[in-house]
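Let's take a friendly walk through the contacts in this model. Have the structure open as you read.

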Amino acid sequence: MNELFGMFQGLISGFGIALTLNNLTFALLGALLGTVVGILPGLGPAATISLLLPLSFKIGDPITSIIMMAGIFYGAMYGGSTTSILVNIPGEAASVVTCIDGYQMALKGRAGPALGIAAIGSFIAGTLGVIGLTFVAPPLAEFALKFGPPEYFSLTILGLLMASLLGGSSILKGLIMIVLGLLLGSVGLDPISGAIRFTWGFFLLQEGVDFVTLAMGLFGVGEILYNLEKELKTELVTRKISHLWPTLKDWAESKWAIVRGSFIGFFVGILPGGGAVISSLVSYAVEKKVSKHPEEFGKGAIQGVAGPESANNSAASASFIPLLTLGIPGNAAIAMIFAALLIQGVQPGPFLITERADVFWGVVASMYIGNAMLLILNLPMVGMWVQLLRVPYAILAPIIVLFCCIGVYSVRNTVFDIWIMGIFGVFGYLLRKLDFEPGPMILAFVLGPILERSLRQALLISAGSPLIFFKRPISGTLMGFLILFILFQIFMVLRKRRTGIKEESS
Amino acid sequence: MEKVKKMFWVSVLCSLLIIPTLAGAQDKFPTKPIELVVPFAAGGSTDVLARLVAKFAPKYFDKPLVVINKPGGGGVTGTEGVVRSAADGHTLYLGYGSGHDLVMPHFQKLPYKTFEDLVPVSLLSVHSVVMIIRGDAPYKTMKEMIEWGKKREQVTASVSTKAGSVDITFQAVGKTTGMKVVTVPFRGGAESVTAIVGGQTDCGGNHPSEVISHIKAKRLIPIAVALEQRDPAILDVPTFKELGYNVVTAGSVKGVAAPKATPLDAIRYLAERFKKVCEDPEFIQAMKDIGQPVMYKGPSDFGKYLQEGYDQYGKLIKEFNIKLE
């Protein structure tokens, strides 16, 4: 009881810090910048924070600068969905699944409701995530530490299997895409032995293919090539816009998706590495499973946008937990904030909450305010973004390609990556022609290296015994789910086949 | 004298502003901001060092230092970028002496020659490799650990990357102590610390700056340092040598280098100013707080130090017959 009282007291003092004019201004600045970099493909929150670090020394007060950087990070999660929905380019890995139904909604003239529900879902999930950060941070951080290589392997392979069912058209095609994604993910240095794989003598490929390069090529350039062909055939397609805002029906359909997504995002987001990506994937798969109309997924189901977009925002809030309570940065953007704190003389870790209570509570309180700011910022912009679709494709397409090139170049400052993007663009075009879904491929590409590394690390730890995946409680439970999942799928296929035979014979 | 010099620079700068068209080749170095290329990801220990240097630089340099992260290929990509850039002293490599300079060339041919294509400017710091165990492990010291470890089928050690300075150190630990040490490579220092804190592995190796907060929190216990002498960042931790195990490495050396054809004037200027940064009491304190001891050396001493470090790793690799599988 006393503890809870202390938390409220801390939070109130935190609001006292976050509500000063100076801190409010920088929270707004961060949120605004975050939204912009989230929308711009290529330029991510980590790169932006790194560019702004020198500025943060000028600000002086570490609280103010961290408030701004945190704003950039979670602001980017709001912006990330915009390009996924409007032009089918995921702004970052966590928005890949949003493309599937978000873009379909846009094609049906429902870009407004898709963007609207993404913003509202992000706000609710972001806020729920911060509430979690406020009250249950320390015990959960301890739990996250139990997640070692075997647990990562079990979780990732479960996620990957779910990915094969994402598109829904054909399991076989989904599996082919997954295998291709895994192969692409293995380009570069072997994570365990350091051997060089599939680089064809290009030193730049040693670190592997970059996610941004692959996503921009496969989704951005590929989609444009495909559309060019279509637009030429059908002359000018007028892009219709039916509503601007989500209707009451949309809201009724997505409210539970938002709640489920928030919880999934929060728990998966605490895990260091890949949290936001896996959570959006799991959320999509869960929504499809619980939906009464799973056949609508992939054709513009609003739950397919609301769930994953909520999940990645609540994961963003949750990823502050290992940073602030254990001093462990879980992803690149959080690592930048970690560095910024260190440079300013603040040591993130178990003592932060007692030694620098002002930093901890000030930043937490600012996240409540920042999320509200983002909602206010983003809702009016929905109308503006939708107008963008009225721009003739002949003008829009080259602009998208230009932004893709800039985005890809900005990652490593090499022209080489632009060529790689072009190659994947052509490949993405061919996939669309042959009716393959690129989503599972890029997810396998992101998850493949995690899968390989955790498998081999786990086997090194167990001296080669695969029993390690079943003996440890968390990993064992996940493996149990995996086996049930596979059995269920086999059962479904068999039943379908049997009823099919019956129908044929009768 | 210092003031006169400052006045001179101010006047030079003013004249540059007024008559930019006349600004020719005779201008004194530096004529524009100096890029500090860090070939590793932002947020790592080398990056933090670079940003701290950049923070203090305006006091001593006539142009700002700008940190640029170019990660890739374990550090090779960014370093190669500096090797191939204009040798005018405005593009520098920070991190000279890291794993891809002292360890990797023993296993793999690089697209440039580490010692011939770069010239040393200044040594800033040395990050030692410290062996750590969990605070609640059944063993508390090196001796207890070895007793425990010898009875086991294998002892796992988390390391930041395969064939890096930490990996080589632990291969050597295995050979000298008689334990069967299996190194488990992670994706960088932060992940490998997380694994040892979470009890995924039996022990681990990291640079002090990566574990200092966990040591303070008593989650981790440092048991030995792989350097010739004790590390000033963690003075109470003995070296392997003191404990009777001959595991001595150069650690991960963090210095500044420039492309080989950089004019001597520029090198001299840079070395002198980096020295001043390294003598700034506030900088020294800030470095101490993050667990990175300041160890300045000028161009020629730094060059010698690097060569010794490279040879030492070579000897270790040969002596213990370490191979990349």
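In this predicted model, domain 1 of chain B and domain 2 of chain B bury about 1,300 Å² between them, with 69% of that area on carbon and sulfur atoms. On the domain 1 side, B:H127, B:G291 and B:L316 lose the most area to domain 2, and together they make up 29% of what that side buries. If you would like to find the two parts in the viewer, domain 1 of chain B covers 30-127 + 251-317, while domain 2 of chain B covers 130-248. Their centres, taken over C-alpha atoms, are 26 Å apart.

What about polar links between the two domains? No salt bridges are found across the interface of domain 1 and domain 2 of chain B, and the count of residue pairs in polar contact between them, with both residues at pLDDT 80 or more, is zero. Two elements of chain B, β4 (118-127) and α11 (299-319), each supply at least two residues of the domain 1 side that touches domain 2. The largest share of that side comes from α11(B), with four residues. By class, the domain 1 side has nine nonpolar, seven polar and no charged residues.

Now for the partner chain. Chain A has 21 helices and two strands. Its radius of gyration is 23 Å, close to the 23 Å that the globule rule gives for 506 residues, so chain A is as compact as a globular protein of that length. The C-alpha trace of chain A spans about 75 × 60 × 55 Å along its principal axes.

Chain B and chain A bury about 3,400 Å² between them, and carbon and sulfur atoms give 62% of this area. On the chain B side, B:R51, B:Q200 and B:R219 supply 17% of the area buried against chain A, more than any other three residues. The rule finds zero salt bridges across the interface of chain B and chain A, but there are five residue pairs in polar contact, both at pLDDT 80 or more. Several elements of chain B give two or more residues to the side that touches chain A, among them α2 (45-56), α3 (76-83) and β7 (181-185). The most comes from α2(B), with five residues. That side of chain B has 16 nonpolar, 16 polar and 12 charged residues.

Here are the contacting residues for both interfaces:

| Interface | Residues from each side |
|---|---|
| Domain 1 and domain 2 of chain B | 16 residues of domain 1, 15 residues of domain 2 |
| Chain B and chain A | 44 residues from chain B, 43 residues from chain A |

Note on methods:
Residues numbered from 1 in each chain as written. Chains lettered and ligands numbered in written order. Predicted model: local features only at pLDDT ≥ 70, side-chain atom pairs only at ≥ 80, totals over all residues. Heavy atoms only, no water. Domains from an automatic or database assignment. Contact = heavy atoms within 4.5 Å. Buried area = accessible area lost by both parts, 1.4 Å probe. Salt bridge = Lys/Arg side-chain N within 4 Å of Asp/Glu carboxyl O. Polar contact = N/O pair within 3.5 Å; in protein donor to acceptor, adjacent residues only side chain to side chain. Nonpolar A, V, L, I, M, F, W, Y, C, P; charged D, E, K, R; others polar. Rg over C-alpha atoms; globule rule 2.2 N^0.38 Å.
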